[in-house]
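Trainee: Please pick a single part of this model and take me through it closely. I would like to see how it sits among its neighbours before we look at anything further away.

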Amino acid sequence: MAFETILVEIEEGIATITLNRRDVLNALNSQVFTELAEAAENLAVDDSVRAVIITGGDKVFAAGADIKQMALLGAVDVAIGLRPSKIAFERLENMPKPVIAAINGYALGGGCELTLAADVRVAADNAQFGLPEIKLGILPGGGGTQRLPRLIGAGKAKELIFTGDLINAEEALRVGLVNKVVPADQVLAEAKKMAKKFVSRGAVALSLAKACINEGQRMDLEMGLEYEHKCFSLLFATEDQKEGMKAFVEKRKPNFQGK
């Protein structure tokens, strides 16, 4: 996959997407989102890929949207222009494979919202997070008002969105915005370590577990439990379930095939 604003590498079942606009701190624009959406669509159906990492490199994740581009837009332009970001975030969020955000430096505005579309977030100890849109007279329009409260609770999400203040990696860990904080030079390695663990699990079970969590958040408890029950039952028609339980009985590691 050849792109202009992102790089995509695949190794040992793990795809790494790297934002590649370092001269502007990986500012996100419509081209970035269009390419992210295309990459996510391709990786979702690539059987050689079992997990995805998204990163901005070793200096910065993404310092938000391209404000110079955005400042020239009117209401209709924005309504149309938001579509690529919405599609990109939803494809990453709903990809039937685990997505890990590996975060160095700033993850602000749309950059922070991009991390929210991932399943798991690994942050450098120098990372900073924030949704400063309120300071520009707007609100987070890439899912921040919806995904952040679901992740860290409404009260803390409102504080961050209403003030536009930044928080550091340790505070992000404390409130549940990130899963792990490591030294800056270990972020990608830690993300790959986690991805390798995901790859070693049953791919069908992992995919359905992700679907249960994501879809369950859109349902009431009774419907969510019913959805989980159906997914659980369905797994007993897979080869991985047979292999996993056989391996347990035989006291060996399972050899999952994703079938």
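Mentor: In this predicted model, strands β2 and β3 run parallel to each other and are joined by five bridges. One of the residue pairs between them is I17 of β2 with I54, its bridge partner in β3. On the other side, β2 (residues 14-19) is paired with β1, this time in the antiparallel sense and over six bridges. Here T16 of β2 is the bridge partner of E9, and T18 of β2 stands opposite L7. Helix α1, residues 30-44, packs on the sheet and touches β1, β2 and β3 (51-55). The direction of α1 makes about 20 degrees with that of β1.

Next comes burial. In β2, six of the six residues are buried, so the strand is largely enclosed by the rest of the structure. In a regular strand, side chains alternate between the two faces of the sheet. The two sides of β2 can be listed accordingly: I14, T16 and T18 lie on one, A15, I17 and L19 on the other, and all of them are buried, which leaves both faces covered. Two residues already named for their pairing, T16 and I17, therefore belong to opposite sides of the strand, and each is buried under the cut-off of 20% relative accessible area.

The connections at the two ends of β2 look like this. β1 and β2 form a hairpin with two residues between them. E12 is in that loop between β1 and β2, and its phi is near 55 degrees, a positive value in a residue other than glycine. E12 has 60% relative accessibility; because the cut-off for exposed is over 50%, E12 counts as exposed. In the loop between β2 and α1 there is L25, which is not a glycine either and has a positive phi of about 55 degrees. With a relative accessible area of 43%, L25 is partly exposed.

Now the sheet as a whole. It is open, has six strands in the order β1-β2-β3-β4-β6-β9, and its pairing is mixed. The edges are β1 (6-11) and β9 (180-182); each has a single partner strand, so one side of each is left without a neighbour in the sheet. On average, neighbouring strands of this sheet are turned by 20 degrees against each other, direction ignored.

Last, a helix pair for comparison of how elements meet. Helix α6 (residues 144-152) and helix α7 (residues 154-163) have axes that come within 7 Å and cross at roughly 135 degrees. That angle makes α6 oblique to α7, and the crossing is right-handed. On the α6 side the contact involves G144, T145, L148, P149 and I152; on the α7 side it involves A154, K156, A157, L160 and I161. By type, the residues of this contact are seven nonpolar, two polar and one charged.

Methods:
Residues are numbered from 1 along each chain as its sequence is written. This is a predicted model: local features need pLDDT of at least 70, side-chain atom pairs count only at pLDDT 80 or more; totals for chains, interfaces and linings use all residues. Side-chain values use heavy atoms; hydrogens and water are left out. Two strands pair if DSSP finds at least two bridges between them. Helices (H or I, at least four residues) and strands (E, at least two) are DSSP runs, numbered from the N terminus. Axes are lines fitted to C-alpha atoms, for helices over the stretch in contact, and angles run from 0 to 180 degrees between N-to-C directions. Contact means heavy atoms within 4.5 Å. Angles under 35 degrees count as roughly parallel, over 145 as roughly antiparallel, 65 to 115 as roughly perpendicular and the rest as oblique. A crossing is left-handed if the near helix is turned anticlockwise from the far one by less than a right angle, and right-handed if clockwise. Ala, Val, Leu, Ile, Met, Phe, Trp, Tyr, Cys and Pro count as nonpolar, Asp, Glu, Lys and Arg as charged, and the others, Gly among them, as polar. Buried means under 20% relative accessible area, exposed over 50%, partly exposed in between (1.4 Å probe, protein chains only).
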